[in-house]
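I opened this entry to look up how the aromatic rings are arranged, and to keep a record of what I found.

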Amino acid sequence: MNASAHMMREGSRTLTELESKAFLAPAGIPVVESRLARSREEAVRCAEEIGLPVVLKIASPEIVHKSDCGGVRLGLRSAAEVAEAYEQIVLAAGRFHPEARIQGVSVQRMAPPGQETIIGMSKDPQFGPLLMFGIGGVMVEIMGDVSFRFAPLTPNDAREMIREIKGYPLLTGFRGREPVDTDFLERLLLDVSSLVESHPEIKELDLNPVIAYRSGAVVADSRIVLEEVSNG
Amino acid sequence: MGILSEMRPFFYPKAVAVVGVSRETWKFGSVAFSALRKFSSTLPIYPVNSRLTEFMGVPVFPSISSLPKEVDLVFLFLPAALVPASVRECADHGIPAVIIPGGGFREIGTEEGWCLEAELVSLAGSGVRLIGPNCFGVYSPAGGITILPGEAYPKKSGGVSFFAQSGGLTEDFCGLAEASGIYINHAVSFGNACDVNELTLCEYFRSDEKTKMVGGYLEGLKTGRRFFEAVREMAMTKPTVLWKAGLTPGGAKAAASHTGSLAGSDTAWRTFFKQTGAIQVFGMEDLLDTLSVFSHLPPTSNDQVAIICGGGGAGVAAGDACYRAGLTMASFDEKTREKLRSTLAPTGASKNNPVDCDVPFPRPSVLRSVLEAVAESGCAGSIVIDKIALSVEQRRLLGCDKQVPWEDDPWLEEVPVRVRQEYGMTVLIVQRDWNPPLNREEYDAEKRRLRRYYQENGIPVLSSIASAMNGLGRMVQYYRRRGIP
């Protein structure tokens, strides 16, 4: 059963991080592997299998802004830290969102630091899927430094999207920074474009952050909203 | 049937019928009949009215079904409730094209209006193509068809085609174009777009060989994504200049939020223009200025501009306008600067770009040497001339013949044209709206004469330095995108 069918049966529209990643990985979009742990013990076991350090995030279809409610813990380096974090996250999330269905926590390898970027998609009522690219953090949130193109993208569209943002020098080695793999980001944009074209039921998509490195990039967190389908 | 042959009767009809002429000559049907007759001396035009036998000295046909078979375009001036049945009659009689100028449909917001409109929409596939309702129709001078009531509009045809929802703005465009040196191939106001809409016209203009560039005014869209694709396709080969009305700011605020709210309609349209390569303009003057630059100048993406003006302030203003339009002020090489130094007055005037001729009425020989030096240098792709008197008559009306009485060279006005032709230089001239208080009327008439002379010789004449630079900037950007040097 694919993620899409699963969520429609539950009548839910926003996919959890784990379900989103199940959408992305088959489309060739590199994601940081996440596993769902339903208990403290399971979280420790997952962490040991994946390899420390790890990140724990609350897994609930109702909780979109996971860090706002204490639902994210980064850089956990031991089994004890993982166990403690599990308890704290579930408790904090439950306190903030008493109505939320908490499935457990997602355990993922701590992605090495790199340049955070954002890829998003929303639907324009006239022209269809509109893709967005930006540099993560303040550049998007405060500066609004983002670029847009309608899907399907041509390779040139993807190229322009990345070069058009004001923060582009941050990607090419500004003042001794490590340059990142913009060719890879271009291919990633094209893959996201193909994904939303082949899945018209995707209404919104947020890959945030997409951590870019000298070679390659990886989606560390993601959120997908599906069109409401009333097929019982 | 292909789009060209389907749409042909709207633009090049064999014979036209006006249904709904009336004894009351002020009524739309009668006005249209008379305008069409005045506009074309060769196109057969038949009036239709069941209660008249003769109208303006012409026999009246009692019904659509009694019309000669050669009629392939019908104007319906009838109350809304009678329109659907008449369209059916046209279809049954084998008439392929109908223009419905009248209102009383969706736009009045009543249930009856919506029902009548739905009926028209359903008739659109029945072998007859419809323009309207609620529009001013079509202007196609080569086909003898004019928009209402444009009986006196130019009969000369050109390479610019235009479409708009709004009839009033189509009429404005047709009326204003000639002054900008723009000649129209076809202009269509499609109103409620029951059949022919923005997409139909894009597809037609893209395939139509006589259309060299396209202008448009849009409010909403009926064909979102398909229109996007059609415009992208068209803009690859024909400059496409669109005025999208009804856009409000707010994009900046929205951009701070998450993806969903980043996609406001302002964002969508900005993306539309970026991605299709169509050129966005923000008003009628802007549209005319831009099309005028495209109409007169050869394709170039050279962004280096030389500014020739009379006075230091004008030069500074021109420099600002140049950069704001995304263009670059050309740097002159030493040889050119030396030539300018030897030509211009030793004091005051700038010998670099912008070239300041010191006064708005430089000696003709000086103006010629300056323009030739800049054109020869190869440093600039375009020359923009601002605040310079360009004819002996203009100098006289400005009173400068008294200041420099030794100058009376009738070839003065030919200087920019010679530079345009002999050096293949892109030249733009700014002619301000201002007239000297003493000789207002004569000066204005002389400006019109000069404007037409320059336009006929491939030089656009704009009314401000900002509009000249904006038009040029858009052209450079457009051809750069197309990879034209």
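My notes begin with the conventions and then turn to chain B and its rings.

I worked from a predicted model, in which local features need pLDDT of at least 70, side-chain atom pairs count only at pLDDT 80 or more, and totals for chains, interfaces and linings use all residues. Residues are numbered from 1 along each chain as its sequence is written, chains are lettered from A and ligands numbered from 1 in the order in which they are written, and side-chain values use heavy atoms, with hydrogens and water left out.

I looked up burial in chain B and noted that 58% of its 485 residues count as buried (under 20% relative accessible area, 1.4 Å probe, protein chains only).

I then counted aromatic pairs, taking rings of Phe, Tyr and Trp (its six-membered ring) with centres within 6.5 Å, and calling planes under 30 degrees apart stacked, over 60 edge-to-face and the rest tilted; the count is 27 over all chains. Phe75(B) and Phe77(B) have ring centres 6.4 Å apart and planes at 5°, so I entered them as stacked, and both residues are buried.

Tyr217(B) and Trp243(B) have centres 4.8 Å apart and planes at 75°, so this pair is edge-to-face. Tyr217(B) is buried at 7% relative accessible area, and Trp243(B) also counts as buried, at 15%.

Last, I checked for charges over rings (NZ of Lys or CZ of Arg within 6 Å of the ring centre and within 35 degrees of the ring normal). Lys156(B) has its charged end over the ring of Tyr183(B), 4.0 Å from the centre, and Arg368(B) has its own over the ring of Trp411(B), 4.5 Å from the centre.

Definitions and conventions: Buried < 20%, exposed > 50% of the residue type's maximum accessible area, 1.4 Å probe, protein only.
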